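Me: I'm new to reading protein models and would like a close look at one part of this one. Could you take me through the second largest pocket, and then show me what else is worth a look around it?

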Amino acid sequence: MSTDAMLSTAASGTPETPKRRRLSTPRILLIIAGVLVGLSLVHLLTGADDVTSQGAIQAALQAAIPLGLAGLGGLWSERAGVVNIGLEGQMILGTWFGAWGSLQYGPWAGLALGILGGAIGGLIHALATVTFGVDHIISGVAMTILAPGIARYLSFLAWNGTPGAGPTQSPTVKPLPRVSVPGVDSLASLERHHWFLVSDVAGVLRGLLVDVSVVTILAVLLIPLTWLVLWRTSFGLRVRSVGEDPQAAESLGINVYKYKYYGVIISGAMAGLGGVFLSTVSSVIYREGQTGGRGYIGLAAMIFGNWRPGGLALGASLFGYTDALQLRRGSESVHALLILVGALLLALAVWETIRRNRVVAIASAVLGVLSYVIFFAVDKIPTALVQAAPYITVLVVLALAAQRLRMPAADGKPYRRGG
């Protein structure tokens, strides 16, 4: 058996483990089509225009991109066997260095420096966990505590006394270019007709393909690129093998420490890019507290996606969409979506009943019925509940999906050469 074949066995877990169904491209496209039809039905039944409007989709995309990049960062790190809850801190470094670089040298330099800032954060986390054996959670928490202090100190040095800026925020930065697909914006008239599915598709296309930042395009391309590198190259195979069985990888001549460093540094770079998006695309200014816990929600999206890029993208899109609804007639939109949520939960309950998974079936049925009870009992969802919708979504989805998840076997476990 060749070295790559043996590494593939190590990276896949034990040969006796039954294969799980994975989110292939056709399945992902089918899910997207089903969700679009469901949202169109919600629009038709309730008249809630913003569930598929261009503005709502653009807001959802802007909310999903930093979550997806944080999730990709977590994916790279945990596939190498290192838990990285310091993604939040690495995103903070990305926001600061992205804004500072944009102000000093231009937006493209800001993009590169923000990625570099996050990568340095990843390097520090790797040094602590891989080389010195510090507990992964403790190191991640320390990174998240340390990064805001570093950003505050650097802001004081760079911008204290500058008009409109100071220790907690930067001056206005130079934005990165935006592009549009020619002809798509002409679908605006079609969207205004409110025809079932046709107008909804027009709104979604305009939201996704008009006035899109180059960072958004880069982030979307990183999803298939990550899959390609991790699952279709020798480099990715080695990264995954040290996260599944480092002793087996070591016995085949792999430098486990080196590949763990690669995974965690790339993880920090991904998180740094998410930070750049927040300070130069979502807004054109760095502000203290700008990440707002997105690093943690990105980790939740990664877990929802079962440590795979396709599922991660779906999770980030789901959380980003629910977050965006706060800005687009949130109470009306969330109230309308209870129809779709209830239907999906009841369908899941039936499916899990067939599979004889009683716990998930009962939980899904109760939540599905509760969704319809709330929909018919009230005409307007309270603002506080709308603001909590993304976090409720995280908890519910992870709770229902927990039994199907499989993390890398050596994720978070200490490793010592020759051990």
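**A look at the second largest pocket**

Reply: Happy to! The second largest pocket has a volume of about 280 Å³. Its lining is made of 14 residues, and those closest to the centre are Ala63, Ser282, Arg294, Asp323 and Leu327. Keep in mind that this is a predicted model.

Who builds the wall of this pocket? Helix 3 (54–79), helix 12 (256–282) and helix 14 (309–324) each supply at least two residues of the lining. Helix 3 gives the most, with 4 residues. Sorted by character, the lining residues of the second largest pocket come out as 6 nonpolar, 5 polar and 3 charged.

Now let's turn to an enclosed space. Searching the whole structure for cavities of 30 Å³ or more turns up 1. The largest cavity has a volume of about 60 Å³. Around the largest cavity you will find Val82, Thr129, Val130, His136, Tyr257, Lys260, Lys413, Pro414 and Tyr415. Helix 5 and helix 12 are the elements that give two or more residues to this lining. You have met helix 12 already, as it also supplies at least two residues to the lining of the second largest pocket. The lining of the largest cavity divides into 5 nonpolar, 2 polar and 2 charged residues.

Helix 5 covers residues 107–131, and isoleucine 124 lies in it. Is isoleucine 124 buried or exposed? The answer is in between: isoleucine 124 is partly exposed because its relative accessible area is 42%, and buried would require a value under 20%. Its C-alpha atom is separated by 9.0 Å from that of serine 139, which is 15 residues away along the chain.

Serine 102, in helix 4 (residues 87–105), gives you a contrasting case. Its relative accessibility is 1%, so serine 102 counts as buried. Leaving aside residues up to four places away in sequence, serine 102 touches Pro107, Gly110, Val173 and Lys174.

Helix 14 takes us onward too. In the loop between helix 13 and helix 14 sits tryptophan 307. Tryptophan 307 has a positive phi of about 60°, although it is not a glycine. With a relative accessible area of 6%, tryptophan 307 is buried. Aspartate 211 likewise has a positive phi, near 55°, in a residue other than glycine. You can find aspartate 211 in the loop between helix 8 (198–209) and strand 2 (212–213). Unlike a buried residue, aspartate 211 is partly exposed, with a relative accessible area of 40%.

Let's finish with helix 17, which runs over residues 383–401. How far apart should its ends be? At 1.5 Å a residue, the 19 residues of helix 17 should span 27 Å, and the end C-alpha atoms are 28 Å apart, so the two values agree. Helix 17 also has a kink of about 50° at alanine 389, shortly before proline 390. Both alanine 389 and proline 390 are buried, and the list of buried residues in helix 17 also includes Val386, Thr393, Val394, Val397, Leu400 and Ala401. An α-helix has 3.6 residues a turn, so residues three or four places apart point the same way. What covers the buried residues of helix 17? The cover includes helix 13 (294–304), helix 14, helix 15 (330–354) and helix 16 (358–377). That brings us back to helix 14, one of the helices that supply the lining of the second largest pocket.

Technical notes: Residues are numbered from 1 along each chain as its sequence is written. This is a predicted model: local features need pLDDT of at least 70, side-chain atom pairs count only at pLDDT 80 or more; totals for chains, interfaces and linings use all residues. Side-chain values use heavy atoms; hydrogens and water are left out. On a 1 Å grid over the protein atoms alone, a cavity is a set of points where a 1.4 Å probe fits but cannot get out, and a pocket is an open set with protein on both sides within 12 Å along at least five of seven lines; lining residues have an atom within 4 Å of a point. Grid points are joined across faces, edges and corners, and a volume is the space filled by probe spheres set on the points. Ala, Val, Leu, Ile, Met, Phe, Trp, Tyr, Cys and Pro count as nonpolar, Asp, Glu, Lys and Arg as charged, and the others, Gly among them, as polar. The expected span of a helix is 1.5 Å times one less than its number of residues. The bend at a residue is the angle between axes fitted to the seven residues ending there and the seven starting there. Buried means under 20% relative accessible area, exposed over 50%, partly exposed in between (1.4 Å probe, protein chains only). Contact means heavy atoms within 4.5 Å.
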